[in-house]
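The following exercises practise the reading of a protein model. Each task is followed by a solution in steps.

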Amino acid sequence: MSESNITLHVDDLYEKWFLEYASYVNLDRAIPHIQDGLKPVQRRILHAMKEQDDGRYTKVANLIGQTMQYHPHGDASIGDALVKIGQKELMIDTQGNWGDVRTGDVAAAPRYIEARLSPFALYTAFHDENTEWQLSYDGRKREPVKLPIKFPLLLAHGAEGIGVGLRSYILPHNYNELCQASIAVIKGKKFELFPDFQTGGYIDVGNYQQGLQGGKVKCRAKIEKDGKNLKIISVPFSETTGSLIDSILAENEKGRIKIKKVIDNTSSEVEILLELQPGVSPDLTIDALYAFTKCEISLSPLGCCIIGDKPTFLGVDEMLRISTQNTVQLLLQELQIKQKELENKWHYLSLEKIFFEEKIYKELEKKHGDWDAVLKAIEKAFKPFLKGLKREVTQTDYEKLTEKPVRRIYKLDIDDLQDKIKKLEGEIKEVKQSIATIDDYAVDYFKTLMTKFGKGKERKSEIRKFEQIEVKNVAVNNQKLYANFKEGFIGHGLKKEEFICDCTDMDDIIVIRKDGRMLVTKISDKKFVGKDILHIGIWKKDDERTIYNLIYAEARSNKNFVKRFNVTGVTRDKEYEIAKGDKCKVIYLTVNPNGEAEVVTIKLKDDSKARIKVFDFDFSSVMVKGRSSLGNTLSTYPIHKIELKKAGTSTLGGVKIWLDRDVGRINKNRYGQYLGEFFAEDLILTLQKNGTYALQSYENIVRVDMDLLQSIEKFDIEKPISAVYYDGNSKNYYVKRFLIETKEDGKIHSFITDHKDSKLIFASTSENPLIQVEIFKGKAKVKEILDIDLVEFIDVKGWKSLGNRLTQYDFKGKLKDLSTYDVPVEEEKMEEEKEKKANFDELPKPNFKDGVQGTLF
């Protein structure tokens with residue numbers, strides 16, 4: 001068949017072209033290689049900088065031009081990649097304005113900024129003899145296929161790239177932790193790797209999953225309280241101060257947070273000041289910032305890199321193992337290259353020593369005819385001495401010896417030559433030892449990396465466990481709820497109707513009608529929920545404390561029923577019957593946020609046959625059941641009127657409060673340390689390590705700074721606080737005991753002196769405060785241990801008092817707490833323990849006869 005008759009299908013051509021394009025994009029542009037952790041453009045930049053390197057800074061514009069000899073793309077892509085490498089502060093030393101990853105400021109133009117390879121890059125990334133080379137795209141230059149980088153650069157820098165049909169998103173990790181993990185790999189020990197970001201902040205790595213698909217890392221900005229305002233001192237990774245402020249302003253406009261002013265004071269450190277509106281809780285605002293703005297973001301890593309000649313998905317642990325094994329192999333190859341170089345030097349010096357020591361150079365003075373004859377004569381003269389050499393002598397070696405200048409012969413010091421040979425032999429022995437113990441050598445190499453370059457590369461991102469923030473609980477009211485009770489319409493757009501309450505645009509609304517039906521629906525502009533509405537309110541899921549007291553009439557049986565119920569879970573927009581039966585009618589309904597049970601007066605109709613037509617009823621006599629319960633029979637006669645006789649008190653007891661120490665959050669969900677049962681008037685006392693305290697209602701305190709927390713408990717007005725502190729003014733240690741005299745206001749009060757060097761050593765609310773101190777007496781500094789009962793040591797005084805001096809002897813601040821504490825225990829747990837003990841006491845006791853111990857099962 002002739003060429004003119006060949007049929008080519010377009011779909012086959014497109015498939016071939018697409019595969020070639022996809023392969024090019026993935027391998028040569030988007031995805032980094034596992035061995036050196038670099039994309040081609042990054043590799044070419046570093047190679048071009050090495051070619052240009054003379055130890056001085058070079059204009060970036062010049063470096064871009066040098067790189068264009070190897071990279072077949074525009075200067076813009078090279079410049080962007082070079083700036084990103086420079087901002088990582090590892091491989092490149094920068095000079096000038098290189099921008100700021102925290103603020104989003106871009107670098108100055110390439111002609112204004114300079115760069116050079118860092119000492120770390122020169123130490124780890126280049127070795128000409130151990131590099132595989134290839135021709136550049138135009139065939140004029142040679143470039144490395146991969147750089148021999150002896151460090152897990154891929155995990156240190158991180159990588160982000162979108163190819164054809166896949167992407168790579170590898171998060172950066174800490175330099176020192178990578179070195180330590182590499183040592184662990186070599187030693188066969190376990191290790192863990194977690195991301196670390198230049199921007200700092202908090203990270204939750206509980207679902208990191210080694211950076212594989214499906215894993216997530218949550219990042220939070222650091223937010224501090226600044227009086228009644230807030231201060232943001234870091235930004236999450238991949239965000240900037242600008243994007244953070246924009247997200248805060250956007251949510252402020254929606255009304256979800258209440259901020260008066262945002263001031264960006266960022267310079268060398270991030271500082272964004274948030275002035276809150278009067279009366280706004282800083283704790284709730286912090287939660288709202290994390291819930292609604294970019295103060296908290298979620299990252300979805302995906303570990304993908306080139307292994308061999310194809311993209312491969314793998315976790316960071318496996319990446320590190322491969323990288324470490326590659327580093328060990330590179331170190332071995334470099335040692336072998338060095339051994340060969342040293343042996344070649346030793347070989348030539350040995351030849352030179354024999355050449356002059358045995359006066360073989362005199363063969364050059366003899367007349368042997370042509371030059372070949374001279375070389376043969378020299379070769380013959382060397383034969384008696386060849387046994388001591390380590391390899392065969394070549395003609396090139398002989399020619400090199402004859403090139404030695406004659407003046408060197410007279411200045412030659414044989415002893416100096418011998419010393420050089422011995423030194424080389426020592427170096428060769430050392431290299432061979434390193435090769436034989438390559439693992440130990442590699443461990444020492446990574447330790448050297450940490451010693452030489454690890455300073456200033458400490459972890460910046462603080463690993464924490466984040467609490468789950470319920471957005472409905474932290475959202476500020478930004479809508480008003482209105483209702484038309486008769487016609488059955490509710491919504492925030494019915495501004496001419498009756499105002500119900502303030503709410504958020506995420507709230508669920510509960511509606512109870514006169515026909516005994518209930519539904520929960522999402523707030524909207526306007527919605528029909530059924531005529532003759534009896535109650536409208538905000539509904540919260542899993543709310544067990546809000547109790548509905550209900551009396552309803554059932555037409556078929558002519559009975560009146562009473563019930564108490566809560567609504568903890570529903571299907572939205574589904575109607576539920578809370579009054580059971582045919583043609584029911586709600587006669588009485590109250591909604592009680594703390595389970596209050598009132599007393600009402602029931603008046604029956606005058607024409608009823610009941611003997612007692614007026615009687616009182618106490619709702620506390622009815623058990624709280626589910627919404628679907630029928631209820632108790634109140635009366636079989638028709639009711640004329642129901643009047644409130646006595647307001648109710650709570651039948652549920654106080655609210656039980658816990659502190660989750662992992663996340664520093666006050667909660668009612670039984671997480672963490674039990675603080676006690678709190679009623680409306682009860683307060684929480686927090687003592688801080690900086691010598692301050694605060695009194696707050698359990699409803700107003702949301703989170704606790706665990707780094708500063710000394711102790712936290714239910715406040716007892718009669719329980720004194722015992723403290724030992726160092727006074728910066730007098731340079732002495734003092735003891736004081738005092739009662740809290742301030743009122744609950746959420747303010748921070750300091751109970752130690754305000755000198756900058758003053759610090760708290762010990763604080764306790766124990767009724768039996770006992771400490772053990774270590775003092776040193778006399779000029780000989782004789783050590784003595786004292787137990788001090790603080791109750792006997794000092795009386796209770798005012799909270800602003802200085803206190804009594806702890807000791808006249810030398811005290812270094814070393815103190816041990818020997819106090820006893822009353823730990824609050826849940827009543828349920830106490831009952832469980834009592835029940836277990838009672839059950840144990842009822843079991844048959846073991847018999848012990850003739851010294852033989854019985855066994856009790």
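**Exercise 1.** Compare the expected span of helix α10 with the distance between its end C-alpha atoms.

*Solution.* Helix α10 covers residues 316-357, which is 42 residues. Helices (H or I, at least four residues) and strands (E, at least two) are DSSP runs, numbered from the N terminus. The expected span of a helix is 1.5 Å times one less than its number of residues, so α10 should span 62 Å. Its end C-alpha atoms are 60 Å apart, which agrees. Just after α10, K359 has a positive phi of about 55 degrees.

The model is predicted: local features need pLDDT of at least 70, and side-chain atom pairs count only at pLDDT 80 or more, while totals for chains, interfaces and linings use all residues. Residues are numbered from 1 along each chain as its sequence is written, and side-chain values use heavy atoms, with hydrogens and water left out.

**Exercise 2.** Classify the ring pair of Y482 and F499, and state where each residue lies.

*Solution.* A pair of aromatic rings is described by the distance of the centres and the angle of the planes. Rings of Phe, Tyr and Trp (its six-membered ring) pair if their centres lie within 6.5 Å; planes under 30 degrees apart count as stacked, over 60 as edge-to-face and the rest as tilted. A search of the whole structure gives 22 aromatic pairs. In the pair of Y482 and F499, the centres are 5.8 Å apart and the planes stand at 65 degrees, so the pair is edge-to-face. The pair links distant parts of the chain, 17 residues apart: Y482 is in strand β18 (residues 479-484) and F499 in strand β20 (residues 498-503).

Next, consider accessibility: buried means under 20% relative accessible area, exposed over 50%, and partly exposed in between (1.4 Å probe, protein chains only). Y482 has 10%, so Y482 is buried; F499 has 41% and therefore counts as partly exposed.

**Exercise 3.** Treat the pair of Y733 and F811 by the method of Exercise 2.

*Solution.* The centres are 4.8 Å apart with 75 degrees between the planes, an edge-to-face pair. Y733 belongs to strand β41 (residues 732-738) and F811 to strand β48 (residues 810-817), 78 residues apart. With a relative accessible area of 15%, Y733 is buried. F811, at 6%, also counts as buried.

**Exercise 4.** Which residues are linked into a cluster by ring pairs?

*Solution.* The cluster consists of F120, Y123, F151, Y175, Y445, F446 and F453.
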